[in-house]
Amino acid sequence: MGTWLATIRFPDGTERYADYSTVVESMCHPLYPEVCRTGEILPSGDECHRDEAVGEPLPYDRGAPISPVDELVLVTVAQQPDDDVWHALYCPSSAMVVGPLSDFYRYALQEDYDLIRDGDGVRHLCRWARSPAVCGAEPAGDRSGLYFPSPGMHWSEETDGPYPESPHAPDLFAEWNAPDVCRPCLLAWLREPEPTAAEEPLREPPSTWWTRVKRSWQG
Ligand SMILES: [Zn+2]
């Protein structure tokens with residue numbers, strides 16, 4: 001548990017740095033322009049014992065309206081200590097990473113969502129593999145087979161992680177620039193809270209661990 005370095009890489013090669021908290025399983029803001037590596041000397045004068053984001057925190061505006069969907073920038077986030085890498089969206093107007101802010105998002109998507117093609121071949125994100133899609137479209141084509149609901153709880157207390165038997169969960173945001181991915185679906189999934197269980201009385205509660213993590217981003 002604790003804080004680890006997250007490295008955000010932009011398409012032009014620029015890197016920014018941030019803290020990743022294993023307490024809330026989330027990359028945190030602000031972003032920083034520099035990194036201090038293990039063995040180097042921190043601005044405080046102490047020796048650095050774990051890679052750490054340093055320098056003047058970069059300004060950001062949590063209240064700024066989000067940039068138009070086609071102006072969002074696809075970045076990668078690499079999280080220490082294991083160098084878990086996932087794709088995320090950076091919003092130029094707020095100067096923030098919109099999300100996903102954790103690699104765990106891949107499992108959450110797979111547990112509750114599938115992709116379904118519409119008549120034009122565009123893949124939409126559909127909760128519980130059912131139309132309508134998150135963006136409101138009503139695709140009726142083939143399912144991608146992403147959907148893999150875990151039995152009962154979605155989080156293994158034993159491993160403190162997703163169920164080990166879960167199939168490999170893809171990094172769907174890596175496909176942000178693919179011509180057949182519905183961007184409004186992915187963005188809406190990031191931005192809007194999960195529906196509560198009360199709205200779906202026939203279903204067991206959705207991934208509670210994920211709901212908790214996601215609320216911590218959105219707070
Ligand atoms: Zn859609």
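In this predicted model, A78 finds its bridge partner in strand 7, namely V85. The pair belongs to a wider arrangement: strand 6 (residues 73-79) and strand 7 (residues 84-91) run antiparallel and are joined by seven bridges. Both strands sit within an open sheet of six strands, whose order is 3-2-1-6-7-8 and whose pairing is antiparallel. Strand 3 (26-27) and strand 8 form the edges of this sheet; each has a single partner strand, so one side of each is left without a neighbour in the sheet. In general, the strands of a sheet pair through backbone hydrogen bonds.

Taken as a whole, the protein chain contains three helices and 12 strands. Of its 219 residues, 32% are buried. Among contacts between residues at least 6 apart in sequence, 50% join residues at least 24 apart.

Turning to the interior, the largest nonpolar core holds 43 residues, and those touching the most other members are A6, A18, V97, L125 and L186. Domain 1 (3-99) and domain 2 (105-218) each contribute at least three residues to this core. Nonpolar side chains tend to be buried together in soluble globular proteins.

L186 offers a handy route from the core to helix 2. This helix spans residues 183-191, and its buried residues are C185, L186, L187, W189 and L190. Strand 8 (96-99) and strand 10 (123-127) are among the elements that cover them. Once neighbours within four places in sequence are set aside, the contacts of L186 are L125, F173, W176 and V181. Of these, L125 is also listed with L186 among the core residues that touch the most other members.

Note on methods
Residues are numbered from 1 along each chain as its sequence is written. This is a predicted model: local features need pLDDT of at least 70, side-chain atom pairs count only at pLDDT 80 or more; totals for chains, interfaces and linings use all residues. A nonpolar core is a set of buried Ala, Val, Leu, Ile, Met, Phe, Trp, Tyr and Cys residues joined through C-beta atoms within 7 Å. A residue is buried if 20 or more other C-beta atoms lie within 10 Å of its own, exposed if 12 or fewer, and partly exposed in between; C-beta atoms are placed from the backbone. Domain bounds come from an automatic or database domain assignment. Two residues are in contact if their C-beta atoms, placed from the backbone, lie within 7 Å. Helices (H or I, at least four residues) and strands (E, at least two) are DSSP runs, numbered from the N terminus. Two strands pair if DSSP finds at least two bridges between them.
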